[in-house]
Amino acid sequence: MRSLVLVPLAIILALCSARYTDDRSYGDTKPADSQTQSSIMSFEELDKLFGTDRVQEGYDELKKRYDAGEKSIDILWRLAKFCNEIGNRVEKNKRKDIILEGKKYAVEAWNLDSNNFLAARWAALMSGKSAEFLGTKEKIEEGKHCKEYLDRAISIQPKEDALLHLRGRWALSVANLSWLERKAASFLYSEPPTATVDEAIADFKAAFDINSLWIENTVYLGKAYYEKGDKAAAKPYFEQALRHTAANDNEKELLAEAKTLFGKC
């Protein structure tokens with residue numbers, strides 16, 4: 001893929017740089033691996049630390065093994081996941097280093113085996129999350145990689161709602177590029193990114209069918225229909241999202257937007 005120096009801001013935002021806040025486990029837990037040393041925590045024991053107040057302990061255990069040369073895919077994607085959890089818990093000014101570290105582990109896993117679902121999955125999620133901390137040129141490069149990770153992971157596991165949602169966000173952003181932005185992109189890309197609102201709706205709808213309680217995806221599904229001009233189809237999704245209570249600031253903002261758009265339907 002060609003590297004680019006300039007690109008319209010909307011494309012940068014399109015390429016997986018969205019602030020993504022859903023932090024469920026997504027079925028990452030794998031069966032316990034046999035361990036020959038009792039002092040080493042098994043993968044089953046480490047997986048139980050996700051979502052607890054012992055996340056740092058899990059990270060420290062795996063980092064020690066990584067530094068000693070143990071760099072299997074099962075070590076690498078778990079390290080990426082621990083970095084993601086730690087990043088969600090620290091202050092914003094301390095988040096960059098741990099997220100970029102996590103992306104490094106995820107990409108290492110991808111490079112070992114791009115057909116491994118968990119390697120592709122965490123490469124996609126950490127790539128998207130890292131874009132917030134990158135400069136313009138780096139965002140462009142990362143966005144292209146992120147789309148590649150997304151497509152591969154979804155081809156392996158088509159019912160992964162988190163990845164379907166993220167790909168829907170990408171498609172919606174690309175579909176909304178202005179004429180001027182598309183014209184500029186044609187000079188910068190041998191093949192400019194293309195996507196339609198219908199493609200975004202298809203991904204959001206697939207994620208909704210898997211998890212209809214996820215506020216963020218439900219709001220985006222409504223927004224996609226709204227931007228398509230189908231307010232009748234958008235309204236029920238805004239209405240459903242507004243039945244839920246926000247669990248964080250991101251969801252509060254989404255519900256406020258849903259309330260505004262619902263009033264326009």
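Start with the whole chain in cartoon view: it has 13 helices and zero strands. Here helices are DSSP runs of H or I with at least four residues, strands are E runs of at least two, and both are numbered from the N terminus. Follow the chain along its sequence and the pattern reads α-α-α-α-α-α-α-α-α-α-α-α-α.

What you're looking at is a predicted model, where local features need pLDDT of at least 70, side-chain atom pairs count only at pLDDT 80 or more, and totals for chains, interfaces and linings use all residues. Residues are numbered from 1 along each chain as its sequence is written, and side-chain values use heavy atoms, leaving out hydrogens and water.

Next, select residues 55-67 (helix α3) and 95-112 (helix α5): their axes come within 14 Å and cross at roughly 50°. Axes are lines fitted to C-alpha atoms, for helices over the stretch in contact, with angles from 0 to 180 degrees between N-to-C directions. That angle makes α3 oblique to α5, oblique being whatever is left after under 35 degrees (roughly parallel), over 145 (roughly antiparallel) and 65 to 115 (roughly perpendicular).

Now show side chains. Which residues make the contact? On α3, pick Y59, K63 and Y66; on α5, pick I98, E101, K104, Y105 and E108. Contact means heavy atoms within 4.5 Å.

Finally, switch to a surface view of the chain. About 13000 Å² is exposed, and carbon and sulfur atoms supply 50% of that; these accessible areas come from the Shrake-Rupley method with a 1.4 Å probe, and for residues only the protein chains shown count as cover.
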